[in-house]
Amino acid sequence: MGKPKNEDDAFNMLSRLEGRENEVYTGLSVMIRIGNETHEEVYSNRSVVTMKDMSKEDILEYIATGEPFDKAGGYAVQGIASKYIEKVQGNYSAVVGLDTDMLRKVLERYDIK
């Protein structure tokens with residue numbers, strides 16, 4: 001799912017997600033130049049977000065906050081929508097948008113602090 005285009009699109013997305021699990025995929029690509037050598041590492045991450053049941057009124061109230069419109073899937077796990085998140089299986093920071101744990105491991109491998 002991309003970002004909702006309008007209120008109807010946001011409503012349809014959230015209606016499909018509420019009360020269910022949805023998969024969130026995040027990618028990370030890092031290029032590091034050391035001397036004349038360039039190193040590239042690419043990773044992907046799959047997490048599962050379980051949303052609570054939401055009534056039509058809940059969805060409309062959330063849409064009215066404006067938060068869904070710049071979020072893939074129409075919700076921000078770290079934002080106002082957090083009250084509708086039952087659980088996150090996997091890496092929370094990857095669901096938010098950047099797998100900081102993996103980025104830290106890659107940087108440490110190249111002794112970058």
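Here, "exposed" means over 50% relative accessible area and "buried" means under 20%. The model shown in these close-ups is a predicted one.

**View 1. Helix α1 and its two sides.**
Let's start with α1, the helix that spans residues 7-17. Asp-8 and Arg-16 are exposed, and they sit on the other side of α1 from the buried residues. Those buried residues are Ala-10, Met-13, Leu-14 and Leu-17. Look down the axis of α1 and they fall within an arc of 90 degrees, so they line one face of the helix. If that pattern seems surprising, remember that an α-helix has 3.6 residues a turn, so residues three or four places apart point the same way.

**View 2. What the buried side of α1 packs against.**
Which elements do the buried residues of α1 pack against? There are strands β1 (21-34) and β2 (37-51), and there is helix α2.

**View 3. Helix α2, seen by itself.**
Now move along to α2, residues 56-64. Ile-59, Tyr-62 and Ile-63 are its buried residues. Down the axis of α2 they fall within an arc of 100 degrees, so here too they line one face of the helix. Turned away from that buried side is the face with Glu-57 and Ala-64, both exposed. As for packing, the buried residues of α2 lie against α1. Just after the helix ends, look for Gly-66, which takes a positive phi of about 85 degrees.

**View 4. Where α1 meets α2.**
This one brings the two helices together: α1 and α2 pack at an angle of about 135 degrees, and their axes are 10 Å apart. That angle makes α1 oblique to α2. What is the handedness of the crossing, left-handed or right-handed? The crossing of α1 and α2 is right-handed. On the α1 side, the contact is made by Glu-7, Ala-10, Phe-11, Leu-14 and Ser-15. Facing them from α2 are Lys-56, Ile-59, Leu-60, Tyr-62 and Ile-63. Sort the residues of this contact by character and you get seven nonpolar, one polar and two charged.

**View 5. Thr-50 and its surroundings.**
For the last close-up we leave the helices and zoom in on Thr-50, which is found in strand β2. Is Thr-50 buried or exposed? Thr-50 has a relative accessible area of 8%, so it counts as buried. Leave aside its neighbours within four places in sequence, and Thr-50 is in contact with Arg-20, Glu-21, Tyr-84, Ile-85, Glu-86, Lys-87 and Gln-89.

Methods
Residues numbered from 1 in each chain as written. Predicted model: local features only at pLDDT ≥ 70, side-chain atom pairs only at ≥ 80, totals over all residues. Heavy atoms only, no water. Axes fitted to C-alpha atoms, helices over the stretch in contact; angles between N-to-C directions. Helix = DSSP H or I, 4+ residues; strand = E, 2+ residues; numbered from the N terminus. Parallel < 35°, antiparallel > 145°, perpendicular 65-115°, else oblique. Left-handed = near helix turned anticlockwise from the far one by under 90°. Contact = heavy atoms within 4.5 Å. Nonpolar A, V, L, I, M, F, W, Y, C, P; charged D, E, K, R; others polar. Buried < 20%, exposed > 50% of the residue type's maximum accessible area, 1.4 Å probe, protein only. Arc of directions from axis to C-beta.
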